[in-house]
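Here is an informal walk through the charged pairs, the ligand pocket and a few side-chain contacts. Have the viewer open as you read.

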Amino acid sequence: MRPQKSNQTLINMHPKPFIKWAGGKQALAQKLIDYFPEKFNVYYEPFLGGGSVFFYIRPKSALLSDYNEWLVNTFQAIQKNWVTVYQNLVEIENTKETFLHVRSIDPFSVDLFTRAAYFIYLNKTCFRGLFRVNKKGGFNVPYGSYQRRYADPDNLHAVANSIQGVDIQAVDFEMALGNTKKGDFVYLDPPYYKFGGYSDFNRYTDQQFNEGDHYRLASVCYELSRKGVYWAQSNSNTPFIRSLYAEDSIIEIPARREINLNSGARNITELLITNYEVANKMQISLSE
Ligand SMILES: C[S@@+](CC[C@H](N)C(=O)[O-])C[C@H]1O[C@@H](n2cnc3c(N)ncnc32)[C@H](O)[C@@H]1O
(Lines give C-alpha, C1' and ligand atoms only; values in the text may rest on other atoms or scores of the structure.)
Protein backbone atom coordinates (compact mmCIF):
# COMPACT_ATOMS: atom_id res chain seq x y z
CA MET A 1 0.00 0.00 0.00
CA ARG A 2 1.60 3.28 -1.07
CA PRO A 3 0.37 6.82 -0.43
CA GLN A 4 -1.24 8.24 -3.54
CA LYS A 5 -2.18 11.82 -4.26
CA SER A 6 -4.91 12.11 -6.83
CA ASN A 7 -5.55 15.23 -8.90
CA GLN A 8 -9.05 14.06 -9.63
CA THR A 9 -10.91 13.48 -6.41
CA LEU A 10 -9.93 14.39 -2.89
CA ILE A 11 -11.44 11.20 -1.56
CA ASN A 12 -8.48 9.34 -3.10
CA MET A 13 -5.88 11.52 -1.45
CA HIS A 14 -3.92 9.78 1.29
CA PRO A 15 -4.35 11.96 4.39
CA LYS A 16 -1.36 12.97 6.47
CA PRO A 17 -1.45 13.87 10.18
CA PHE A 18 -2.68 17.47 10.50
CA ILE A 19 -0.58 18.01 13.64
CA LYS A 20 2.94 17.20 14.73
CA TRP A 21 2.84 14.73 17.61
CA ALA A 22 5.61 13.44 19.89
CA GLY A 23 6.23 9.79 19.07
CA GLY A 24 4.31 10.12 15.79
CA LYS A 25 4.77 7.12 13.50
CA GLN A 26 4.59 8.87 10.15
CA ALA A 27 8.10 7.83 9.11
CA LEU A 28 7.56 4.24 10.20
CA ALA A 29 3.95 3.59 9.22
CA GLN A 30 4.67 1.97 5.88
CA LYS A 31 7.19 -0.40 7.48
CA LEU A 32 4.98 -1.23 10.44
CA ILE A 33 2.03 -2.30 8.35
CA ASP A 34 4.18 -4.96 6.66
CA TYR A 35 3.93 -6.69 10.01
CA PHE A 36 0.19 -6.27 10.48
CA PRO A 37 -2.21 -9.18 9.82
CA GLU A 38 -3.44 -9.27 6.24
CA LYS A 39 -7.07 -9.70 7.26
CA PHE A 40 -8.99 -8.56 10.30
CA ASN A 41 -12.45 -7.36 11.24
CA VAL A 42 -12.56 -4.10 13.24
CA TYR A 43 -9.38 -1.99 13.56
CA TYR A 44 -8.66 -0.42 16.98
CA GLU A 45 -6.09 2.27 17.68
CA PRO A 46 -6.37 3.29 21.37
CA PHE A 47 -3.26 5.56 21.45
CA LEU A 48 -4.25 7.55 18.39
CA GLY A 49 -2.01 10.66 18.70
CA GLY A 50 -1.68 12.26 15.26
CA GLY A 51 -3.23 9.17 13.62
CA SER A 52 -0.40 8.45 11.18
CA VAL A 53 -0.86 4.67 11.19
CA PHE A 54 -4.64 4.89 10.78
CA PHE A 55 -4.23 7.37 7.89
CA TYR A 56 -1.91 4.93 6.23
CA ILE A 57 -4.29 1.99 6.26
CA ARG A 58 -7.72 3.68 6.41
CA PRO A 59 -9.73 0.60 7.38
CA LYS A 60 -13.48 0.88 6.87
CA SER A 61 -14.47 -0.28 10.30
CA ALA A 62 -12.48 1.29 13.13
CA LEU A 63 -12.53 2.58 16.68
CA LEU A 64 -9.98 5.34 17.27
CA SER A 65 -9.31 6.72 20.74
CA ASP A 66 -6.89 8.62 22.93
CA TYR A 67 -6.97 9.87 26.52
CA ASN A 68 -6.20 13.42 25.40
CA GLU A 69 -9.69 14.90 25.15
CA TRP A 70 -8.68 18.09 23.34
CA LEU A 71 -6.92 16.03 20.66
CA VAL A 72 -9.90 13.70 20.27
CA ASN A 73 -12.34 16.64 20.11
CA THR A 74 -10.23 18.02 17.26
CA PHE A 75 -10.67 14.79 15.26
CA GLN A 76 -14.40 14.84 16.08
CA ALA A 77 -14.77 18.47 14.92
CA ILE A 78 -12.99 17.68 11.62
CA GLN A 79 -15.22 14.64 11.19
CA LYS A 80 -18.36 16.78 11.67
CA ASN A 81 -17.37 19.86 9.67
CA TRP A 82 -13.76 20.32 8.56
CA VAL A 83 -14.60 23.54 6.69
CA THR A 84 -15.68 25.34 9.89
CA VAL A 85 -12.50 24.18 11.64
CA TYR A 86 -10.44 25.47 8.72
CA GLN A 87 -12.24 28.83 8.58
CA ASN A 88 -11.75 29.37 12.31
CA LEU A 89 -8.11 28.39 12.04
CA VAL A 90 -7.03 30.69 9.24
CA GLU A 91 -8.53 33.68 11.03
CA ILE A 92 -6.08 33.40 13.94
CA GLU A 93 -3.02 35.61 13.58
CA ASN A 94 0.45 34.13 13.93
CA THR A 95 1.90 36.58 16.46
CA LYS A 96 3.34 36.03 19.89
CA GLU A 97 0.61 38.16 21.43
CA THR A 98 -2.20 36.15 19.82
CA PHE A 99 -0.44 32.89 20.67
CA LEU A 100 -0.24 33.85 24.36
CA HIS A 101 -3.88 34.92 24.31
CA VAL A 102 -5.09 31.65 22.70
CA ARG A 103 -2.89 29.63 25.07
CA SER A 104 -4.50 31.33 28.07
CA ILE A 105 -8.06 30.36 27.02
CA ASP A 106 -9.61 27.25 28.57
CA PRO A 107 -10.29 25.14 25.44
CA PHE A 108 -13.38 23.64 27.07
CA SER A 109 -14.93 27.09 27.48
CA VAL A 110 -15.32 27.51 23.69
CA ASP A 111 -17.37 25.58 21.09
CA LEU A 112 -16.07 22.36 19.49
CA PHE A 113 -14.92 23.97 16.21
CA THR A 114 -13.09 26.86 17.89
CA ARG A 115 -11.49 24.36 20.30
CA ALA A 116 -10.24 22.30 17.35
CA ALA A 117 -8.89 25.40 15.59
CA TYR A 118 -7.04 26.45 18.78
CA PHE A 119 -5.54 22.97 19.11
CA ILE A 120 -4.15 22.97 15.57
CA TYR A 121 -3.03 26.63 15.84
CA LEU A 122 -1.08 26.04 19.08
CA ASN A 123 0.45 22.86 17.66
CA LYS A 124 1.64 24.68 14.52
CA THR A 125 2.94 27.83 16.23
CA CYS A 126 4.39 26.49 19.51
CA PHE A 127 8.06 25.71 20.01
CA ARG A 128 8.99 22.54 18.04
CA GLY A 129 5.33 21.55 17.71
CA LEU A 130 5.48 19.83 21.05
CA PHE A 131 2.12 19.39 22.77
CA ARG A 132 2.83 19.29 26.47
CA VAL A 133 0.61 20.05 29.43
CA ASN A 134 1.17 20.82 33.08
CA LYS A 135 -0.37 18.85 35.96
CA LYS A 136 -3.63 20.78 35.63
CA GLY A 137 -3.86 19.89 31.95
CA GLY A 138 -2.98 23.43 30.75
CA PHE A 139 -0.97 23.75 27.53
CA ASN A 140 2.41 25.22 28.53
CA VAL A 141 4.71 25.28 25.48
CA PRO A 142 6.28 28.65 24.49
CA TYR A 143 5.76 30.44 21.16
CA GLY A 144 7.78 29.03 18.28
CA SER A 145 7.83 31.96 15.87
CA TYR A 146 7.45 29.82 12.73
CA GLN A 147 5.98 31.24 9.55
CA ARG A 148 4.21 28.16 8.27
CA ARG A 149 0.74 27.33 7.05
CA TYR A 150 -1.52 26.13 9.85
CA ALA A 151 -3.46 23.73 7.68
CA ASP A 152 -3.66 22.41 4.17
CA PRO A 153 -7.37 22.45 3.20
CA ASP A 154 -6.93 19.52 0.78
CA ASN A 155 -5.38 17.46 3.54
CA LEU A 156 -8.04 18.44 6.11
CA HIS A 157 -10.68 17.42 3.59
CA ALA A 158 -8.94 14.07 3.03
CA VAL A 159 -8.65 13.57 6.81
CA ALA A 160 -12.39 14.30 7.19
CA ASN A 161 -13.24 11.81 4.44
CA SER A 162 -11.08 9.11 5.99
CA ILE A 163 -12.85 9.31 9.37
CA GLN A 164 -16.47 9.39 8.18
CA GLY A 165 -18.33 6.58 9.94
CA VAL A 166 -15.41 5.92 12.28
CA ASP A 167 -16.03 5.82 16.04
CA ILE A 168 -13.70 8.32 17.80
CA GLN A 169 -13.61 8.44 21.61
CA ALA A 170 -11.72 10.21 24.39
CA VAL A 171 -11.14 7.27 26.71
CA ASP A 172 -8.39 5.34 28.46
CA PHE A 173 -7.03 2.42 26.39
CA GLU A 174 -8.51 -0.24 28.68
CA MET A 175 -12.02 1.14 28.26
CA ALA A 176 -11.53 1.47 24.49
CA LEU A 177 -10.74 -2.23 24.10
CA GLY A 178 -13.59 -3.62 26.20
CA ASN A 179 -15.73 -4.63 23.20
CA THR A 180 -13.04 -6.16 20.99
CA LYS A 181 -13.94 -9.50 19.45
CA LYS A 182 -12.12 -12.47 17.98
CA GLY A 183 -10.61 -11.53 14.60
CA ASP A 184 -10.29 -7.79 15.38
CA PHE A 185 -6.87 -6.10 15.26
CA VAL A 186 -5.42 -3.56 17.70
CA TYR A 187 -2.36 -1.39 17.02
CA LEU A 188 -0.95 -0.07 20.31
CA ASP A 189 1.46 2.87 20.42
CA PRO A 190 1.57 3.91 24.10
CA PRO A 191 3.87 6.54 25.60
CA TYR A 192 7.07 4.48 25.64
CA TYR A 193 8.52 3.04 28.81
CA LYS A 194 11.38 5.29 29.90
CA PHE A 195 14.95 4.42 29.00
CA GLY A 196 17.51 4.57 31.80
CA GLY A 197 19.23 7.96 31.69
CA TYR A 198 17.02 9.08 28.84
CA SER A 199 14.03 11.22 29.45
CA ASP A 200 11.29 9.92 27.17
CA PHE A 201 8.43 12.26 26.36
CA ASN A 202 5.29 11.33 28.26
CA ARG A 203 3.30 14.45 29.06
CA TYR A 204 0.53 14.15 26.48
CA THR A 205 -2.14 14.39 29.17
CA ASP A 206 -2.40 15.61 32.76
CA GLN A 207 -1.72 11.98 33.81
CA GLN A 208 1.75 10.55 33.22
CA PHE A 209 1.85 7.05 31.72
CA ASN A 210 3.87 5.19 34.34
CA GLU A 211 5.22 1.70 35.03
CA GLY A 212 1.86 0.66 36.53
CA ASP A 213 0.16 1.60 33.24
CA HIS A 214 2.62 -0.59 31.34
CA TYR A 215 1.72 -3.54 33.62
CA ARG A 216 -1.97 -2.73 33.04
CA LEU A 217 -1.38 -2.64 29.29
CA ALA A 218 0.40 -6.01 29.41
CA SER A 219 -2.56 -7.58 31.19
CA VAL A 220 -4.99 -6.04 28.65
CA CYS A 221 -2.82 -7.57 25.88
CA TYR A 222 -2.94 -10.92 27.64
CA GLU A 223 -6.74 -10.71 27.74
CA LEU A 224 -6.89 -9.74 24.03
CA SER A 225 -4.79 -12.79 23.14
CA ARG A 226 -7.09 -14.98 25.22
CA LYS A 227 -10.09 -13.67 23.21
CA GLY A 228 -8.40 -14.27 19.84
CA VAL A 229 -7.88 -10.57 19.08
CA TYR A 230 -4.68 -9.80 17.14
CA TRP A 231 -2.49 -7.02 18.47
CA ALA A 232 0.80 -5.31 17.65
CA GLN A 233 2.52 -2.92 20.03
CA SER A 234 5.36 -0.42 19.56
CA ASN A 235 7.48 0.24 22.65
CA SER A 236 11.01 0.94 23.86
CA ASN A 237 13.73 -1.68 23.56
CA THR A 238 14.22 -2.17 27.29
CA PRO A 239 14.61 -5.25 29.53
CA PHE A 240 11.41 -4.26 31.37
CA ILE A 241 9.27 -4.26 28.21
CA ARG A 242 10.93 -7.44 26.92
CA SER A 243 10.15 -9.16 30.23
CA LEU A 244 6.47 -8.13 30.09
CA TYR A 245 6.05 -9.69 26.65
CA ALA A 246 8.39 -12.69 26.92
CA GLU A 247 5.66 -15.02 25.55
CA ASP A 248 5.03 -12.89 22.45
CA SER A 249 6.87 -12.30 19.20
CA ILE A 250 9.36 -9.40 19.38
CA ILE A 251 11.28 -7.70 16.59
CA GLU A 252 13.69 -4.75 16.74
CA ILE A 253 13.14 -1.80 14.48
CA PRO A 254 15.56 1.08 13.88
CA ALA A 255 13.60 4.26 14.58
CA ARG A 256 14.26 7.95 14.56
CA ARG A 257 13.00 10.10 17.39
CA GLU A 258 12.19 13.64 16.39
CA ILE A 259 11.25 15.06 19.74
CA ASN A 260 13.78 14.26 22.37
CA LEU A 261 14.35 16.27 25.49
CA ASN A 262 18.11 15.61 25.59
CA SER A 263 19.16 16.16 22.00
CA GLY A 264 17.88 16.62 18.47
CA ALA A 265 17.19 13.74 16.11
CA ARG A 266 19.03 10.53 16.94
CA ASN A 267 18.79 6.94 15.90
CA ILE A 268 17.63 4.36 18.37
CA THR A 269 16.07 0.94 18.22
CA GLU A 270 12.53 0.20 19.32
CA LEU A 271 10.40 -2.90 19.53
CA LEU A 272 7.39 -4.17 17.65
CA ILE A 273 5.70 -6.83 19.77
CA THR A 274 2.94 -9.02 18.30
CA ASN A 275 0.77 -11.86 19.57
CA TYR A 276 0.98 -13.55 16.15
CA GLU A 277 3.90 -14.80 14.11
CA VAL A 278 5.02 -12.14 11.67
CA ALA A 279 5.43 -13.55 8.16
CA ASN A 280 8.25 -11.27 7.14
CA LYS A 281 11.02 -11.16 9.70
CA MET A 282 13.62 -9.23 7.68
CA GLN A 283 15.27 -6.29 9.42
CA ILE A 284 13.57 -3.05 8.50
CA SER A 285 15.42 0.19 8.15
CA LEU A 286 14.38 3.82 7.89
CA SER A 287 17.03 4.53 5.28
CA GLU A 288 15.58 2.13 2.69
C1 LIG B 1 3.26 7.66 21.22
S2 LIG B 1 1.77 8.62 21.20
C3 LIG B 1 0.89 7.92 19.83
C4 LIG B 1 1.43 8.44 18.53
C5 LIG B 1 0.64 8.01 17.32
N6 LIG B 1 0.81 6.60 17.01
C7 LIG B 1 1.05 8.84 16.10
O8 LIG B 1 1.52 8.29 15.09
O9 LIG B 1 0.92 10.07 16.17
C10 LIG B 1 0.92 8.04 22.62
C11 LIG B 1 -0.50 8.55 22.81
O12 LIG B 1 -1.07 7.92 23.96
C13 LIG B 1 -2.00 8.82 24.55
N14 LIG B 1 -2.27 8.35 25.94
C15 LIG B 1 -1.57 8.59 27.07
N16 LIG B 1 -2.14 7.92 28.11
C17 LIG B 1 -3.20 7.23 27.62
C18 LIG B 1 -4.17 6.33 28.19
N19 LIG B 1 -4.15 6.02 29.49
N20 LIG B 1 -5.11 5.80 27.37
C21 LIG B 1 -5.16 6.12 26.04
N22 LIG B 1 -4.27 6.98 25.45
C23 LIG B 1 -3.30 7.51 26.22
C24 LIG B 1 -1.31 10.17 24.44
O25 LIG B 1 -2.25 11.23 24.52
C26 LIG B 1 -0.61 10.05 23.06
O27 LIG B 1 -1.40 10.63 22.05
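By the 4 Å cut-off between a side-chain nitrogen of Lys or Arg and a carboxyl oxygen of Asp or Glu, the count comes to six salt bridges. Keep in mind that this is a predicted model. The general idea is familiar: side chains of opposite charge can pair when their charged atoms come close.

## Salt bridges

Three of the pairs are worth a look one by one, and the table gives their N-to-O distances.

| Pair | Closest N and O atoms |
|---|---|
| R216 and D213 | 3.1 Å |
| R226 and E223 | 2.8 Å |
| E252 and R242 | 2.7 Å |

Take R216 and D213, which are bridged at 3.1 Å. Both sit in helix α8, which covers residues 211-227, and because they are three residues apart there, about one helical turn separates them. How exposed is each partner? R216 has 23% relative accessibility and so counts as partly exposed, while D213, at 14%, counts as buried.

R226 and E223 make another salt bridge, at 2.8 Å from N to O. These two are also three residues apart in helix α8, so about one helical turn lies between them. R226 is exposed because its relative accessibility is 58%, and E223 is partly exposed with 33%.

What does the bridge between E252 and R242 tie together? First the contact itself: their side chains meet at 2.7 Å, N to O. E252 belongs to strand β6 (residues 249-257) and R242 to helix α9 (residues 239-244), so this pair links parts that are 10 residues apart in sequence. Both residues come out as partly exposed, E252 with a relative accessible area of 36% and R242 with 30%. Elsewhere, shared partners join salt bridges into one network made up of D172, E174, D213 and R216.

## Around the ligand

D172 from that network turns up again at the ligand. Which residues come closest to the ligand? Of the 25 residues that surround it, the closest are G50, S52, D66, D172 and D189. By class, the shell divides into 12 nonpolar, eight polar and five charged residues.

Some of these contacts can be pinned down to atoms. On the oxygen side, a ligand oxygen is 2.5 Å from an N or O atom in the side chain of S52. On the nitrogen side, a ligand nitrogen is 2.7 Å from an N or O atom in the side chain of D172, and a ligand nitrogen is 2.6 Å from such an atom in the side chain of D189. How much of the ligand does the protein bury? Taken alone the ligand exposes 610 Å², and 97% of that is buried by the protein.

The UniProt record, an unreviewed entry, has a "binding site" annotation that covers W21, K25, D66 and D189. D66 and D189 are also among the residues closest to the ligand in the model. As for the other two, W21 is in the segment before α1 (29-32), and K25 lies in the segment before α1 too. Are W21 and K25 buried or exposed? W21 counts as buried because its relative accessibility is 10%, and K25 counts as buried at 6%.

## Serines and a loop lysine

Two serines make side-chain contacts to backbone oxygens. S109 is in the loop between α4 (96-104) and α5 (112-125), and with 52% relative accessibility this serine counts as exposed. A polar atom of the S109 side chain lies 2.6 Å from the backbone oxygen of D106.

S236 has its place in strand β5 (residues 230-236). Its relative accessible area is 0%, so S236 is buried. What does the S236 side chain reach? Its partner is the backbone oxygen of Y193, at 2.9 Å.

K194 is found in the loop between β4 (185-188) and α8. At 45% relative accessibility, K194 counts as partly exposed. Along the chain, K194 and E211 are 17 residues apart, and their C-alpha atoms are separated by 8.8 Å.

Methods
Residues numbered from 1 in each chain as written. Predicted model: local features only at pLDDT ≥ 70, side-chain atom pairs only at ≥ 80, totals over all residues. Heavy atoms only, no water. Helix = DSSP H or I, 4+ residues; strand = E, 2+ residues; numbered from the N terminus. Buried < 20%, exposed > 50% of the residue type's maximum accessible area, 1.4 Å probe, protein only. Polar contact = N/O pair within 3.5 Å; in protein donor to acceptor, adjacent residues only side chain to side chain. Near = heavy atom within 4 Å. Areas by Shrake-Rupley, 256 points an atom, 1.4 Å probe, with all protein chains shown as cover. Nonpolar A, V, L, I, M, F, W, Y, C, P; charged D, E, K, R; others polar. UniProt positions renumbered as here; feature names shortened; annotations may be inferred.
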